[in-house]
Amino acid sequence: MRENNMKLEFDSRSENEGFARIAVAAFVTPLNPTLEEIEDIKTAVSEAVTNSIIHGYGERIEKITLTASIKENQLFVEIQDFGCGIENIEKAMEPMYTTRPDLERSGMGFAFMEAFMDDIHIESEVNKGTTIYMNKKIMG
Amino acid sequence: MESIFQLEGEMLRILVPKDLDHHNCIAIRETADSLILKENIKEILFDFKNTEFMDSSGIGVIIGRYKNIKCLGGQVSAININERIKKILVLSGLYKMIIIYEQEA
């Protein structure tokens, strides 16, 4: 059985959005994903990390952890912050809904994660933090 | 280095960088808005010829400029979009809101 695991911890700085998505893209390469699958994964990771930076930590510099694993031909990604948490997950997932229109957030983050991954799941507790679980089967 | 912002008469061409994410969108937003006000811009053209990555932060930048320039009677357009950028624009609904030009020769 093919299995591989990795874990990263990085500061919640916006320049790490690019780092995080490229790291996951490189990690998934052994599964021979198509270019489109790689781009889908990069977009979903970018959305989740950006959410932690902007919403979770309100642009304070704290830690984000990213865990990824490969099992057979599936990629699993977890992105965790220890920030403010989400009060109403259902509301947060509505397309076009944003708590930060002042920052021109489009409210499309979760919609993009859902569109580009097979499955996403959110666990969040107010003042404790948020973890996003996502997975995608690589057809190659 | 080629400037990101190019004034072509009443049109402002924004040469979108390789990655349009939250990190890169802040500078674009601020400079574009000051140029729109100062230079009497009637059209903002987002040129994606160098762009390989865009997420929902990029959508936020385009919608923001769309709102601002619509108030002034102007319009937003896009050019040189690859399949990936097209997918993001379609998914967000922006593809139907803005003018899409054919690839430049």
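**Notebook: a look through chains A and B**

**Entry 1, A:Met6.** I started with A:Met6 and found this residue in strand S1 of chain A. A reminder to myself before going on: this is a predicted model. Is A:Met6 buried or exposed? I noted a relative accessible area of 16%, so A:Met6 counts as buried. I then looked up what A:Met6 touches, leaving aside neighbours within four places in sequence. The list reads A:Ala23, A:Val24, A:Phe27, A:Leu66, A:Thr67 and A:Ala68. I also checked A:Met6 against A:Glu39: the two are 33 residues apart in sequence, and their C-alpha atoms are 20 Å apart in space.

**Entry 2, strands of chain A.** Next I followed strand S1 of chain A, residues 3–11, to its pairing with strand S2 of chain A, residues 63–71. The two pair in the antiparallel sense, and I noted nine bridges. For a landmark I took A:Asn4, which stands opposite A:Ile70 in S2(A). S2(A) also pairs with strand S3 of chain A, residues 74–81, again in the antiparallel sense, over eight bridges. Here my landmark was A:Ser69, opposite A:Phe76 in S3(A). The hairpin of S2(A) and S3(A) has two residues between the strands, and A:Glu72 takes a positive phi near 55 degrees there.

**Entry 3, salt bridges within chain A.** I was after charged pairs here, and the count over all chains came to 17 salt bridges. One of them joins the side chains of A:Lys63 and A:Asp11, with 2.5 Å from N to O. This pair links distant parts of the chain, with A:Lys63 in strand S2 of chain A and A:Asp11 in strand S1 of chain A, 52 residues apart. A:Lys63 is partly exposed at 39% relative accessible area, and A:Asp11 is partly exposed at 22%.

I wrote down two further pairs. A:Lys91 forms a salt bridge with A:Glu94, the closest N and O atoms being 3.8 Å apart. A:Lys91 has a relative accessible area of 33% and is partly exposed; A:Glu94, at 37%, also counts as partly exposed. The side chains of A:Asp102 and A:Arg100 meet in a salt bridge as well, at 2.9 Å from N to O. A:Arg100 is partly exposed, with a relative accessible area of 23%.

**Entry 4, where the chains meet.** How many residues of chain A are in contact with chain B? I found 25 residues of chain A in contact with 21 residues of chain B. The two chains bury about 1900 Å² between them, 51% of it on carbon and sulfur atoms. On the chain A side, A:Arg21, A:Glu104 and A:Phe112 lose the most area to chain B, together 29% of what that side buries.

I then turned to charges and polar groups at this interface. Six salt bridges cross between chain A and chain B. One pair I looked up is B:Asp21 with A:Arg21, where the closest N and O atoms are 3.0 Å apart. The count of residue pairs in polar contact between the chains is 17, both residues at pLDDT 80 or more. Helices H1 (15–28), H2 (35–56) and H4 (109–116) of chain A each supply at least two residues of the side that touches chain B. The largest share of that side, ten residues, comes from H2(A). I also found a network of salt bridges that links A:Glu36, A:Asp40, A:Lys136, B:Arg84 and B:Lys87.

**Entry 5, the sheet of chain B.** Over in chain B I found an open sheet of five strands with mixed pairing, in the order S1-S2-S4-S6-S7. Strand S1 (5–8) and strand S7 (99–100) of chain B are the edge strands, each pairing on one side only. S2 of chain B, residues 11–15, runs parallel to S4 of chain B, residues 43–47, and five bridges join them. B:Leu12 stands opposite B:Ile44 in S4(B).

**Entry 6, cysteines.** My last check was for disulfides, and the count over all chains is zero. Why is B:Cys25 without a bond to another cysteine? The closest cysteine sulfur, in A:Cys84, is 19 Å from the sulfur of B:Cys25, which is too far for a bond. B:Cys71 is in no disulfide either, and its nearest cysteine sulfur, that of B:Cys25, is 20 Å away. I noted accessibility too: B:Cys25 is buried at 3% relative accessibility, whereas B:Cys71 is exposed at 69%.

Notes: Residues are numbered from 1 along each chain as its sequence is written. Chains are lettered from A and ligands numbered from 1 in the order in which they are written. This is a predicted model: local features need pLDDT of at least 70, side-chain atom pairs count only at pLDDT 80 or more; totals for chains, interfaces and linings use all residues. Side-chain values use heavy atoms; hydrogens and water are left out. Two strands pair if DSSP finds at least two bridges between them. Helices (H or I, at least four residues) and strands (E, at least two) are DSSP runs, numbered from the N terminus. A disulfide is a pair of cysteine sulfur atoms within 2.5 Å. Buried means under 20% relative accessible area, exposed over 50%, partly exposed in between (1.4 Å probe, protein chains only). Contact means heavy atoms within 4.5 Å. Buried area is the accessible area (1.4 Å probe) that two parts lose on being put together, summed over both. A salt bridge is a side-chain nitrogen of Lys or Arg within 4 Å of a carboxyl oxygen of Asp or Glu. A polar contact is a pair of N or O atoms within 3.5 Å; within protein, one must be able to donate a hydrogen and the other to accept it, and residues adjacent in sequence count only if both atoms are side-chain atoms.
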